[in-house]
Amino acid sequence: MIKPLTPQLRSSILESLDKQLEELDSCENNSYVTLQKNTINQFKKLIKSLPDGYPIPVERRNGR
């Protein structure tokens, strides 16, 4: 399913990524954790740079 990138969806995505970073902060700092943090931070930059209305593929949950 494709949804347009709205300010609300962007905020939801960024909030989810921040939660993932918080989880990783509780881990021992090793190369795997560093790689994941760097990847998440780059993805956050990408999401922030996309224009409103950009088509975002999303997975349906609970039949919605």
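**View 1. Lys3 lies in strand S1, which covers residues 2–4.** The model shown here and in the other views is predicted. Lys3 has a relative accessible area of 37%, so Lys3 is partly exposed rather than buried. When neighbours within four places in sequence are left aside, Lys3 is in contact with Leu9, Tyr54, Pro55, Ile56 and Val58. One of these, Val58, is 55 residues from Lys3 in sequence. In space, the C-alpha atoms of Lys3 and Val58 are 6.8 Å apart.

**View 2. Ile56 touches Lys3 and several other residues.** Not counting residues up to four places away in sequence, the residues touched by Ile56 are Met1, Ile2, Lys3, Leu5, Leu9 and Leu50. Ile56 also belongs to the largest nonpolar core, as do Leu5, Leu9 and Leu50.

**View 3. The largest nonpolar core has 12 residues in all.** Its members are Leu5, Leu9, Ile13, Leu14, Leu17, Leu21, Leu24, Val33, Ile40, Ile47, Leu50 and Ile56. Helices H1 and H2 each supply at least two residues of this core. The largest share comes from H1, with 6 residues. In soluble globular proteins, nonpolar side chains tend to be buried together.

**View 4. Helices H1 and H2 pack against each other with their axes 10 Å apart.** H1 covers residues 7–25, and H2 covers residues 31–49. The angle between the two helices is about 165 degrees. This angle is over 145 degrees, so H1 is roughly antiparallel to H2. The crossing of H1 and H2 is left-handed. On the H1 side, the contact is made by Arg10, Ile13, Leu14, Leu17, Asp18, Gln20, Leu21, Leu24 and Asp25. On the H2 side, the contact is made by Val33, Gln36, Lys37, Ile40, Asn41, Phe43, Lys44, Ile47 and Lys48. Sorted by class, the contact of H1 with H2 has 9 nonpolar, 3 polar and 6 charged residues.

**View 5. Lys44 is a buried residue in helix H2.** The relative accessible area of Lys44 is 14%. Buried means under 20%, so Lys44 falls in that class. With neighbours within four places in sequence left aside, Lys44 is in contact with Leu14, Leu17, Asp18 and Leu21. These four residues are also listed on the H1 side of the contact between H1 and H2. Leu14, Leu17 and Leu21 are members of the largest nonpolar core.

**View 6. Arg10 is found in helix H1 and is buried.** Its relative accessible area is 14%. Leaving aside neighbours within four places in sequence, Arg10 is in contact with Leu5, Ile47, Lys48, Leu50, Pro51 and Asp52. Among them, Ile47 and Lys48 are on the H2 side of the contact between the helices. Leu5, Ile47 and Leu50 are members of the largest nonpolar core.

**View 7. Lys37 lies in helix H2 and is partly exposed.** The relative accessible area of Lys37 is 22%. Lys37 is not counted as buried, because buried means under 20%. Leaving aside neighbours within four places in sequence, Lys37 is in contact with Leu21, Leu24 and Asp25. Leu21, Leu24 and Asp25 are all on the H1 side of the contact between the helices. Lys37 and Pro55 are 18 residues apart in sequence, and their C-alpha atoms are 25 Å apart in space.

**View 8. Asp25 is found in helix H1 and Gln36 in helix H2.** At 52% relative accessibility, Asp25 counts as exposed. Gln36, at 41%, counts as partly exposed. Both residues take part in the contact of H1 with H2. Asp25 and Lys48 are 23 residues apart in sequence, with 22 Å between their C-alpha atoms. Gln36 and Ile47 are 11 residues apart along the chain, and their C-alpha atoms are separated by 16 Å.

Note on methods: Residues numbered from 1 in each chain as written. Predicted model: local features only at pLDDT ≥ 70, side-chain atom pairs only at ≥ 80, totals over all residues. Heavy atoms only, no water. Buried < 20%, exposed > 50% of the residue type's maximum accessible area, 1.4 Å probe, protein only. Contact = heavy atoms within 4.5 Å. Axes fitted to C-alpha atoms, helices over the stretch in contact; angles between N-to-C directions. Parallel < 35°, antiparallel > 145°, perpendicular 65-115°, else oblique. Left-handed = near helix turned anticlockwise from the far one by under 90°. Nonpolar A, V, L, I, M, F, W, Y, C, P; charged D, E, K, R; others polar. Core = buried A, V, L, I, M, F, W, Y, C linked by side-chain atoms within 4.5 Å.
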